[in-house]
Amino acid sequence: MPWNDNANPGPWGSPPQGDDGDRRNQSRRPQGPGRGPRRPEGSDLTAALERLQRRLRGLLGGPGGGGVRPGAVVAIAGVAFALWAASGIYVIQPNEEGVVTTFGSYSRSETPGLRYHLPAPLERVEKVAVTSLNRIDVGGSAGADIPEESLMLTGDENIIDLDFSVTWRVSDASKYLFTLRSPEDAVKAVAESSMREVIGKTPLQQVLTRGRGQVQLQAAELMQRTLDGWSAGVNVVEVQIRSANPPQEVVAAFREVANAGQDAESAINEANTYRNRVINEAKGDASRITQSAQGYREQAVREALGDSARFNQILVEYRRAPAVTRERLYLETMQRVLARSNKVIVDGKGASAPIILPPDVFRARTQTAPSRSLDPAAPGPTPQAAPVPVPVPAAPVDAGVSP
C-alpha cells in the first residue's frame with residue numbers, strides 16, 4: 001500500500017485539509033535544529049517546478065483557468081518570430097567569402113563584414129576561406145612513403161620514387177562548393193595524374209639533376225588547365241618536389257653511375273682548362289709575332305723614307321755647290337770606313353830616317369765588336385782604343401812612304 005495514497009491513509013490517518021490544517025501542521029512541527037525528521041533535498045526543486053507550472057497555467061489559462069489568453073499567444077508568437085528573424089544575422093571574416101543559397105540553390109556571394117540573409121529554411125550561408133593556403137602531399141609525408149602514389153615511370157622507361165606537395169587556394173567559392181563533390185580529393189587526384197603525365201615525358205637523369213624546376217612548372221600548368229576545365233574554383237599556387245630518388249633496390253647502382261658521371265665531367269673540365277690555356281698561349285705568341293713584324297715593317301718603311309728624304313736634300317745641295325758636296329760626301333764616306341780599321345798616324349815633317357812600324361799594327365783583329373743586346377742591363381760594346389801615334393825618328397823617310 002503506497003504511503004501517498006489519500007484513499008487509503010496510513011497508520012497516522014489522512015492529512016488535514018485547508019489552511020487550518022496547514023497552520024496546525026506548522027504549529028506541530030518541532031522548532032530548532034536537530035528536532036524532528038529533516039526535509040529531503042529534492043523537495044526545494046519540486047516546489048520550484050510546481051510554482052513555475054502554476055504561473056504558466058495562470059498565464060495561459062483564461063478566467064477561472066478555462067482557456068488560453070489571446071495576448072499571451074501573440075506575445076509568444078512575436079518573440080519566436082523575432083528570434084527566428086534574428087537568426088539570419090551573420091559575420092564573414094576577412095579571409096572568408098560567404099555563399100548564400102535560397103532553398104539549396106546558389107543565390108549570391110557575400111564579402112567580409114556583418115551580413116544578413118533570410119532565416120532558415122529560406123536561405124542558408126556557407127563560409128569558405130578564400131585567402132588561406134591549403135597543402136596536399138602526394139606520395140607520403142614525414143617519412144611515411146606510399147608506394148602506390150610515389151612510384152612513377154619516366155620517359156626513358158625507368159622507375160622513380162617521387163614525393164611532392166601541392167599548394168592551392170580557393171579562387172571562386174561558389175564553384176568550389178557546388179561543382180565538385182569532394183574538392184580536396186579532386187585536387188589530389190588531378191595532382192597525381194598531372195605529375196605522372198609530366199614524368200612520363202621526362203628522362204630519369206633530368207628529373208634527378210637539373211630538370212626539377214621545369215617538371216614542377218609543367219605539372220602546375222597541367223593541373224590548372226584540368227581544374228579550370230572542371231570549373232573547380234581552385235587556383236594552384238605551387239608544385240614542389242620534396243624528394244626524387246630511384247627505387248631502394250637500385251640505389252647503390254645509381255650512386256655508382258652518378259659518381260662515374262661526376263668523374264667524367266671532372267675530366268672534361270680539366271681537358272677544357274688545358275685546351276683554353278694552350279690556345280691562349282698560342283694566340284699570345286701569334287699576336288706577339290704579328291706585332292713584331294708590323295714593327296719591323298714600320299721601321300723599314302720609316303728608314304727608307306728617311307733615306308730618300310736625305311738623298312733629296314743632298315741632291316738639292318749638290319745642285320747648288322757640286323764641288324763642296326762631293327768633298328763632303330768623300331769625307332763622310334772615309335770617316336765611316338776608317339772608323340773601324342787600324343790606323344797609323346805618321347807625322348813626316350822634318351823626318352829623315354825610315355819609319356819602322358811594329359808588326360802588331362797590321363795584325364788582323366781577332367776580337368769582334370759584340371752585337372748590341374736588346375737587354376738594357378747588358379754591357380755595351382767595348383770601346384776601341386784611340387790610335388797611338390808612332391814616334392818618327394830623325395832619319396830620312398824611306399822611299400815608297402809618302403809624307
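Mentor: Let's start with the term: a salt bridge is a side-chain nitrogen of Lys or Arg within 4 Å of a carboxyl oxygen of Asp or Glu. Keep in mind that this is a predicted model. By that rule, the count here comes to twelve salt bridges.

Trainee: What makes Asp137 and Arg135 a salt bridge?

Mentor: Their side chains meet at 3.0 Å, N to O. The rule asks for within 4 Å, so the pair qualifies.

Trainee: And why is Arg135 called exposed?

Mentor: Exposed means over 50% relative accessible area. Arg135 has 56%, so the word fits. Its partner Asp137, at 25%, counts as partly exposed, because that category runs between the 20% and 50% cut-offs.

Trainee: How do you know that Glu192 and Arg196 are separated by about one helical turn?

Mentor: Count along helix α6, residues 183-199: the two are four residues apart, and that's why we say about one turn. Their side chains meet in a salt bridge too, at 3.3 Å, N to O.

Trainee: Is Glu192 buried or exposed, and why?

Mentor: Buried, because its relative accessibility is 19% and the cut-off is under 20%. Arg196, with 29%, is partly exposed.

Trainee: What about Arg288 and Asp285, where are they in the chain?

Mentor: Both sit in helix α9, residues 251-320, three residues apart, so about one helical turn separates them. They form a salt bridge at 4.0 Å, N to O. Asp285 is partly exposed, at 41%.

Trainee: Which residues are linked in a network of salt bridges?

Mentor: Arg108, Glu110, Arg115 and Glu123.

Key
Residues are numbered from 1 along each chain as its sequence is written. This is a predicted model: local features need pLDDT of at least 70, side-chain atom pairs count only at pLDDT 80 or more; totals for chains, interfaces and linings use all residues. Side-chain values use heavy atoms; hydrogens and water are left out. Buried means under 20% relative accessible area, exposed over 50%, partly exposed in between (1.4 Å probe, protein chains only).
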